[in-house]
Amino acid sequence: MTMCEKIRPQLTAYLDGELADDPGSVVRGHLRECAACRQIARDEAALRDALRMLAPVDPPASLWAGVRGQLAAAEVADARKPRWRRHAARWGRWARSMRWVPTMRQLATASLVAAAAIAVFTWRGQVGNPPPDRIAQPQPEPQRPPPPQHALPAPAIVPSPPSADDVTADLIAEPARTTATYARAIEELMTVAEETRARWSDGDKAAFDAHIAGLRDAITRAGPPRAVQRAQRSLIRYLQGAVVRDDVMLASGGTR
Amino acid sequence: MTDLAEPAPAALAEPRTRVSATLADDAHLIAACRRGEARAMEMLYHQYKRRVFGMAHRIVGGSDAEEVAQEVFVRVFRGLASFRGDSALSTWIYRLTVNAALSHLARRGRRQEIGDDGLTELPAPQPAERDSALAARIETAMAQLPAGYRAILVLHDIEGLSHEECAAILDCRIGTCKSQLHKARARMRELLGPNIGPTP
């Protein structure tokens with residue numbers, strides 16, 4: 001094994017400051033002597049620095065609204081769950097948080113206990129039921145006195161208006177609203193792109209049209225709302241890219 | 001005979017350590033979020049939105065980043081009840097983000113295999129606006145890396161986490177983390193071609 005083969009796997013650690021004293025000195029010494037390894041180290045350092053300097057990516061403004069919508073939908077779903085399922089979910093969370101995994105023996109014991117409990121309940125049900133000849137007969141309801149004549153008429157039952165806090169309808173309408181918002185954004189961007197396409201070459205125009213047709217087709221073929229929105233976002237991004245590239249080209253004085 | 005005076009010491013690539021993110025006391029914020037306080041939830045969201053969205057963007061690409069980030073925040077808020085504080089809140093959120101992003105890629109791979117998505121012919125995510133040509137080349141090269149390499153580069157080099165933190169997030173040994181980073185950077189160098197940095 002040559003010295004280069006020994007040193008190169010250590011370059012990442014060396015450049016990240018993880019090699020001190022003798023190991024670091026050996027790498028440094030080799031880099032002073034070997035131009036090829038020095039260039040690799042320089043490239044990796046430039047890569048590392050450029051990665052550290054990458055601009056952060058800002059999330060879209062719609063992200064928080066989407067999170068809140070999903071949380072509200074989940075809470076509504078929770079409230080509609082039967083109580084036993086909420087308890088079961090809580091126990092499940094507790095078991096996961098305790099990292100408790102039942103062993104085969106515990107599972108077998110639990111199954112036996114459950115089977116025994118079912119057997120006892122079934123047996124008690126049979127013992128507790130009276131024989132058919134002793135079934136209590138329904139008694140005629142005692143006559144109630146007629147209501148006094150001066151009593152006020154019973155108020156008509158009016159369905160209560162939906163509570164202002166009930167977000168169910170709002171949540172149900174959310175996917176359609178998002179799809180419509182994306183569709184409006186697409187049309188606005190298409191208008192901008194149409195204005196700028198006058199400066200494009202025929203080849204660029206044809207490529208643009210073909211790409212747009214493909215993306216629109218993807219939207220049409222997408223089934224569930226989230227797939228439609230995903231396809232819409234692809235089209236929006238493509239349009240934004242096309243418009244931005246055109247602006248950059250103009251600003252730099254180039255031609256398409 | 002090698003001339004030790006050449007190259008000048010300044011020309012050698014410099015080692016540089018990164019200061020690990022300080023672990024703030026998030027207990028109050030978590031408690032308020034668990035009580036459902038809207039302001040606390042919004043604070044937590046703003047505290048992590050760039051990191052979560054940025055990681056998702058770089059691992060799954062721009063087209064699905066919003067979907068993944070949304071899934072992560074929903075898991076964070078719904079899962080705070082079971083967060084035991086064994087690790088820092090940030091580590092836990094990073095782990096959820098990486099797992100959600102990698103699972104999303106696996107699901108997307110399956111969807112594309114069976115071809116019911118209709119988006120298979122779409123081009124790779126466009127790099128977002130960058131302030132330099134090198135940054136744009138790096139984003140493009142990163143998009144071609146295997147997802148695992150992308151994850152370690154994002155965590156260690158972009159987010160600046162230590163190998164210990166990366167190992168906790170990726171649920172692997174520190175040594176594995178280091179070797180993955182070395183391979184990821186080597187693959188990036190291959191993709192970017194020679195002379196990434198300034199020539200001497």
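The following paragraphs describe the helices, cores and selected residues of a predicted two-chain model. Residues are numbered from 1 along each chain as its sequence is written, and chains are lettered from A and ligands numbered from 1 in the order in which they are written. Because the model is predicted, local features need pLDDT of at least 70 and side-chain atom pairs count only at pLDDT 80 or more, whereas totals for chains, interfaces and linings use all residues.

Chain A contains 10 helices and zero strands, where helices (H or I, at least four residues) and strands (E, at least two) are DSSP runs numbered from the N terminus. Along the sequence its pattern is α-α-α-α-α-α-α-α-α-α. Of the 256 residues in chain A, 17% are buried; a residue is buried if 20 or more other C-beta atoms lie within 10 Å of its own, exposed if 12 or fewer, and partly exposed in between, with C-beta atoms placed from the backbone. Among the contacts in chain A with a separation of 6 or more, 66% are between residues 24 or more positions apart; two residues are in contact if their C-beta atoms, placed from the backbone, lie within 7 Å.

Chain B has eight helices and zero strands, in the order α-α-α-α-α-α-α-α from the N terminus. Buried residues form 36% of its 200 residues. Residues 24 or more positions apart supply 65% of the chain B contacts with a separation of 6 or more.

The largest nonpolar core (a set of buried Ala, Val, Leu, Ile, Met, Phe, Trp, Tyr and Cys residues joined through C-beta atoms within 7 Å) has 49 residues, of which B:Val52, B:Ala56 and B:Ala69 touch the most other members. Helix 2 of chain B (residues 38–60) gives the most to this core, with nine residues. Apart from this core lies another, of 11 residues, including A:Ile186, A:Val228, A:Ala231 and A:Ala242. Not counting residues up to four places away in sequence, B:Ala69 touches A:Pro59 and A:Leu63 as well as B:Val52, B:Phe53 and B:Ala56.

Helix 2 of chain B bends by about 50° at B:Tyr48, the bend being the angle between axes fitted to the seven residues ending there and the seven starting there. B:Leu44 lies in this helix and counts as buried because it has 21 C-beta neighbours inside 10 Å. Beyond its neighbours within four places in sequence, B:Leu44 is in contact with B:Leu29 and B:Cys33. B:Asp26 is 18 residues from B:Leu44 in sequence, with a C-alpha to C-alpha distance of 9.3 Å. After helix 2 of chain B comes B:Gly61, which has a positive phi near 95°.

The axes of helix 6 (residues 147–158) and helix 8 (residues 174–192) of chain B come within 9 Å and cross at roughly 105°. The two helices are therefore roughly perpendicular, a class that covers angles of 65 to 115 degrees. Helix 6 of chain B contributes B:Gly148, B:Tyr149, B:Ile152, B:Leu153 and B:His156 to the contact, and helix 8 of chain B contributes B:Cys177, B:Gln180, B:Leu181, B:Lys183, B:Ala184 and B:Arg187.

The loop between helix 7 (163–170) and helix 8 of chain B holds B:Asp171. Although not a glycine, B:Asp171 has a positive phi of about 60°. B:Asp171 counts as exposed because it has 10 C-beta neighbours inside 10 Å.

Conventions
Axes fitted to C-alpha atoms, helices over the stretch in contact; angles between N-to-C directions. Parallel < 35°, antiparallel > 145°, perpendicular 65-115°, else oblique.
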